[in-house]
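Please open the model in a viewer and keep the sequence panel visible. The stops below proceed by selection.

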There are 2 protein chains.
Amino acid sequence: MQKPEGLALGMRPKLSERVADQLRERIQKGELALGEQLPTESALVEQFGVSRTVIREAISSLRVDGLVKAHQGRGVFVCEDISQQPFRLCSKDLSEKDHMVQAMELRMCMEVTNAELAAARRTDPDIQSMEAALNRQHAAHLSGALGQTEDFAFHLAIANATQNSYMVDFLRFLGPYIIPANAMHQMDPKELPAYQNSLRAEHWAIAAAIKDGDATAAGEEMRSHLRRGLQVNSGAGIL
Amino acid sequence: MQKPEGLALGMRPKLSERVADQLRERIQKGELALGEQLPTESALVEQFGVSRTVIREAISSLRVDGLVKAHQGRGVFVCEDISQQPFRLCSKDLSEKDHMVQAMELRMCMEVTNAELAAARRTDPDIQSMEAALNRQHAAHLSGALGQTEDFAFHLAIANATQNSYMVDFLRFLGPYIIPANAMHQMDPKELPAYQNSLRAEHWAIAAAIKDGDATAAGEEMRSHLRRGLQVNSGAGIL
DNA sequence: CATCATATGTTGTATGATGAATTATGAGTT
DNA sequence: AACTCATAATTCATCATACAACATATGATG
C-alpha cells in the first residue's frame, strides 16, 4: 500500500508552512529590508489571521533556514547575509531523468578535480583506506552483492584524501541522489560480473594514479570512470 | 555598537534547539529506525520535561531539515531517505582562512568542469549574456567600482551555459562565501587597475574558449584564473 | 464475514497566561 | 542640560489547556 504523498491536488498544506512560504517570498523579493524588520508576532497574527502558534512555527522554519534571527525581547530580524541558506537539490520542475543526469554531472564536476587534489595531497592512511574500500568491494562482488556501499566508500576515501572536509561533506550530500540510480539493478545477470570487473579495474586505475601522485592521470581516470557510469545509466552524457 | 552574537559563553540556547539537537543525534545514530518511529509529542513532553510548544518547534526544525515527516493523526516518522537533508557550509571547527580556502576549492572543482561543459553546450544567448556581463564589469571598473557583482554575474552566465540548473543553484549558493573574501578591498589603490585589467583579460580568455567550443582550453583558462585568485587571496593553493 | 458507527490516539490550531530579555520612559540628582 | 537609575512597555520564549482534523482500532450489527 502506497500513500500518494506529494500533495494530491487537495492535500491542504499546513498553515504554518503556507505562512512560512509567504514570508520567505517577501524576504527574497526584498520587501523586507536586510538588516532589520519583520513585524512582531502579534502583528503577523493579525495580518495572516492565524494563531501565534502558527506564526511561531513559520518563523521557526525561517530560522533553521538561516533567513532570520530571533532575539528575545527585541524582535525577529532578516539576516544580513542570507548566505547561510542551505543548498537543496529538489527542483520539482525537472524530470526524473534530468534530475539524475544533472546531479550526476554535479558530482562529476567535483570528483574529477577531487581526484587531482587527492593525488597531490594524499597521505599513507588515505591510500590505505582507499585500498581497503576496494578490497571490501571486491569481496562484496565475489559474494554476489552489488557492492554499492563499498563503491561509495572508495569515492569518499578519495574525498578524504583531498584534506578538504567540505569535499567529503558535499560528496556525502550528493551520494544518496546517485547511488539508487545505478543501473546494476536492471542489468542482465549474465553481464553483471563483467561490469563489476571493469568497475573495479577503473577504481584501481584511479587509486594507482593517486598513489603515484599523478594528478592529471587521476583526474582523467576519474573522468572516464564517471563518464562510463553516466552512459550506462542514462545513455546521455556529453561531458 | 556590535552584539556578541555567537553564544557568548553563557548564552543559553533556546530549549527547542537543544531538544532538536538531541533528536537529530538520536536519528543519525540510528537509535530511531528509518521508516517509522519517533515517540508521540506527549511522550516527548514527558521525556524532556518541557512543554508541547517546545517539542513541536523542535520537530518543526527536523521537518525543514528533511529528517522527519509529520502526518496529522498518525505521527512523526523518520524519512526513508535522509537524502533530502540540505547541504550547509558552516563547519565551526575550521579557522576563518581554512573555511575560505576550502570553500574556494569547492568552487574551483565545479567551475573548471563547468567551463568545459559550457564550451560544449553554450547557445548564442549564453554567449551574449556572458559578454554582456563582461562589458558591465569593464564599465564598473572604469567608473572606479570593484565590479564584484558583475564578476559573479559572468561566472553565473557560464554556469547557465552548461544547461544544468543545479550548477547555477550551487554556484549561487557558494557565491556569498567567496565574494566578500576578495582581496581587492585591501589592495594598494595603485595596483588595483592593473589587477582589474588582468582579471578582465582572464575572463575574456575564458569567454573566447567557450565561444570557440574548446572545452579543454576553457577548463584550463578557468583553472588558472581561479588559481590566481586563490593565491592573491590566501597565498596558498596547490590546486 | 462484511459494513458501519464509535472510541481512541495523534498531530494541527487556537487562546490565555507567565517568564525573560531588551528597549523606552521619566523622575531625580548633579 | 546631562547623567543615573528605577520603572514601565515591548517582544520573544515557554507553559498550560482546549478543541479541531485526521487516522486507526474496536466492536456492534446485518
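Helices (H or I, at least four residues) and strands (E, at least two) are DSSP runs, numbered from the N terminus. The model is a predicted one, in which local features need pLDDT of at least 70, side-chain atom pairs count only at pLDDT 80 or more, and totals for chains, interfaces and linings use all residues. Residues are numbered from 1 along each chain as its sequence is written, while chains are lettered from A and ligands numbered from 1 in the order in which they are written.

**First selection: C79(B)**

Select C79(B), which sits in the loop between strand 2 and helix 4 of chain B. Is this residue buried or exposed? C79(B) is partly exposed, because 18 other C-beta atoms lie within 10 Å. With C-beta atoms placed from the backbone, 20 or more such neighbours within 10 Å would make a residue buried and 12 or fewer exposed, with partly exposed in between. Add R24(B) to the selection: 55 residues separate it from C79(B) along the chain, and their C-alpha atoms are 12 Å apart.

**Second selection: DNA strand C**

Display the 20 residues around DNA strand C, of which L15(A), S51(A), G73(A), T40(B) and G73(B) come nearest. A residue is near a strand if its C-beta atom, placed from the backbone, lies within 6 Å of it. Helix 1 (15-28) and helix 3 (52-64) of chain A, together with strand 2 (75-78) of chain B, each give two or more residues to this surface. Helix 3 of chain A contributes the largest share, three residues.

**Third selection: DNA strand D**

Here 19 residues lie around the strand, and T40(A), A70(A), L15(B), S51(B) and G73(B) come nearest. At least two residues each are supplied by strand 2 (75-78) of chain A and by helix 1 (15-28) and helix 3 (52-64) of chain B. The most, three residues, come from helix 3 of chain B.

**Fourth selection: the contact between chains A and B**

Colour the contact, which takes 38 residues from chain B and 38 residues from chain A; two residues are in contact if their C-beta atoms, placed from the backbone, lie within 7 Å. On the chain B side, helix 4 (96-121) of chain B gives the largest share, 13 residues. The copies meet through the same surface, because 97% of the interface residues of chain B are also interface residues in chain A.

**Final step: superposition**

Lay chain B on chain A: a turn of 180 degrees and a shift of 0.1 Å along the axis give an RMSD of 0.1 Å, with least-squares fitting on the C-alpha atoms of residues with pLDDT of at least 70 in both. The two copies are therefore related as by a two-fold rotation axis.
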